[in-house]
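The exercises below are meant to be worked with the model open beside the text. Try each task before reading the solution that follows it.

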Amino acid sequence: MNRFNQWLVMLILPLLVIHGLLGCFALLGITSVTLWPLSYALLLAVVLHGIISLILTRDAVKIGLQTGRWYWKENARYWTVRLSGICIFILLGFHASAYTTEINGVFFLQEFTFLRMLSQLLFVAAIAVHLLAAARPWLIKRGVLKFGERTWDCLVILGILTAFFTFSIVMYYIYWNF
């Protein structure tokens, strides 16, 4: 199950980047290309990843409850990944409903209010924290020996993407309200 979860992560990462970039380009009015099958494939992969991660986390919670020892400080990265994943799941519903609505089978843009913008910024932040906390253990699991160098590569790419996603969301909000 753990191996399948790693495979899902390998699928999720490029889908997430493509989905995010296409979404940013759409928010900035650069393109109107929407790849709904890609979005649904990403959603399915994320949901499967979340379910498998919950199953794998169940053992850690069970042992923590039995022993009363959680080792929060020693396992901070582990629990950060788990908690940010829960935040992603909660905010995923807001993301799916933030931009469009359906009336009589026809899709329309929704007014992009401050609360919608805030929910999207929190969503981007939760994903960034999740990826940031998971990068080092994931690289070690994949056998990358010089994970320090690779971690910095991941951080730079993650930082650029996060900044671009945030910029696009804020610009979209400004477009709707000013």
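**Exercise 1.** Determine in which helix His130 lies, whether His130 counts as buried or exposed, and which residues His130 touches beyond four places in sequence.

*Solution.* In this predicted model, the first step is to place the residue: His130 belongs to helix H4, which covers residues 114-141. The second step is the accessibility, and since the relative value for His130 is 15%, while buried means under 20%, His130 counts as buried. The third step is to list the contacts, leaving out residues up to four places away in sequence, and this gives His49, Val81, Ser84, Gly85 and Ile88.

The list can then be followed from the other side, starting from His49, which is placed in helix H2. His49 has a relative accessibility of 18% and therefore counts as buried. With the same exclusion of residues up to four places away, His49 touches His130 and also Asn5, Leu8, Val9 and Ile12. Those last four are among the buried residues of H1.

**Exercise 2.** Identify the residues with the most contacts inside the largest nonpolar core, and state which elements give two or more residues to this core.

*Solution.* The largest nonpolar core has 15 residues, and those with the most contacts inside it are Ile12, Leu42, Ile88, Phe123 and Ile127. Sorting the core by element, one finds that helix H1 (2-27), helix H2 (36-67), helix H3 (76-97) and H4 each give two or more residues to it. The greatest contribution comes from H2, which supplies five residues. Apart from this core lies another, of twelve residues, which includes Cys24, Leu27, Ala98 and Tyr99.

As a further step, take Phe123 and collect its contacts, not counting residues up to four places away in sequence: these are Ile88, Leu91, Leu92 and His95. Ile88, which is also in the list of residues touched by His130, is one of the residues with the most contacts inside the largest core.

**Exercise 3.** Test whether the distance between the end C-alpha atoms of H1 agrees with the span expected at 1.5 Å a residue or departs from it, and say what follows H1.

*Solution.* H1 has 26 residues, and because each residue is taken to add 1.5 Å, the helix should span 38 Å; its end C-alpha atoms are 36 Å apart, which agrees. After H1 comes Gly29, whose phi is positive, near 80°.

The buried residues of H1 are Asn5, Gln6, Leu8, Val9, Ile12, Leu15, Leu16, Gly20, Leu22, Cys24 and Leu27. In reading such a list, it helps to recall that an α-helix has 3.6 residues a turn, so residues three or four places apart point the same way. One of the listed residues, Leu22, is in contact with Thr31, Val33 and Leu35 once its neighbours within four places in sequence are left aside. Leu22 and Val156, which are 134 residues apart in sequence, have C-alpha atoms 20 Å apart in space.

**Exercise 4.** Find which residues form a nonpolar patch on the surface and which helix supplies the largest share of the patch.

*Solution.* The patch consists of Phe4, Trp7, Leu11, Leu44 and Leu48, which together have about 480 Å² of accessible area. H1 and H2 each supply at least two of its residues, and the largest share, three residues, comes from H1. Phe4, found in helix H1, counts as partly exposed because its relative accessibility is 40%.

**Exercise 5.** Locate Tyr71, and state what its phi is and why Tyr71 counts as partly exposed.

*Solution.* Tyr71 is found in the loop between H2 and H3. Its phi is positive, about 50°, although Tyr71 is not a glycine. Its relative accessible area is 45%, and Tyr71 is therefore partly exposed.

**Exercise 6.** Describe the chain as a whole, beginning with how many helices and strands it has.

*Solution.* The chain has five helices and two strands, and read along the sequence these follow the pattern α-α-α-β-β-α-α. Its C-alpha atoms fill a box of roughly 55 × 35 × 30 Å along the principal axes. Of the 178 residues, 30% are buried, and the accessible surface comes to about 11,700 Å², with 72% of it belonging to carbon and sulfur atoms. Finally, among contacts between residues at least 6 apart in sequence, 69% join residues at least 24 apart.

Notes. Residues are numbered from 1 along each chain as its sequence is written. This is a predicted model: local features need pLDDT of at least 70, side-chain atom pairs count only at pLDDT 80 or more; totals for chains, interfaces and linings use all residues. Side-chain values use heavy atoms; hydrogens and water are left out. Buried means under 20% relative accessible area, exposed over 50%, partly exposed in between (1.4 Å probe, protein chains only). Contact means heavy atoms within 4.5 Å. A nonpolar core is a set of buried Ala, Val, Leu, Ile, Met, Phe, Trp, Tyr and Cys residues joined through side-chain atoms within 4.5 Å. The expected span of a helix is 1.5 Å times one less than its number of residues. Patches are made of residues with over 30% relative accessible area and no salt bridge: like charges are joined within 9 Å, nonpolar side chains (Val, Leu, Ile, Met, Phe, Trp, Tyr) within 5 Å. Accessible areas come from the Shrake-Rupley method with a 1.4 Å probe; for residues, only the protein chains shown count as cover. A salt bridge is a side-chain nitrogen of Lys or Arg within 4 Å of a carboxyl oxygen of Asp or Glu.
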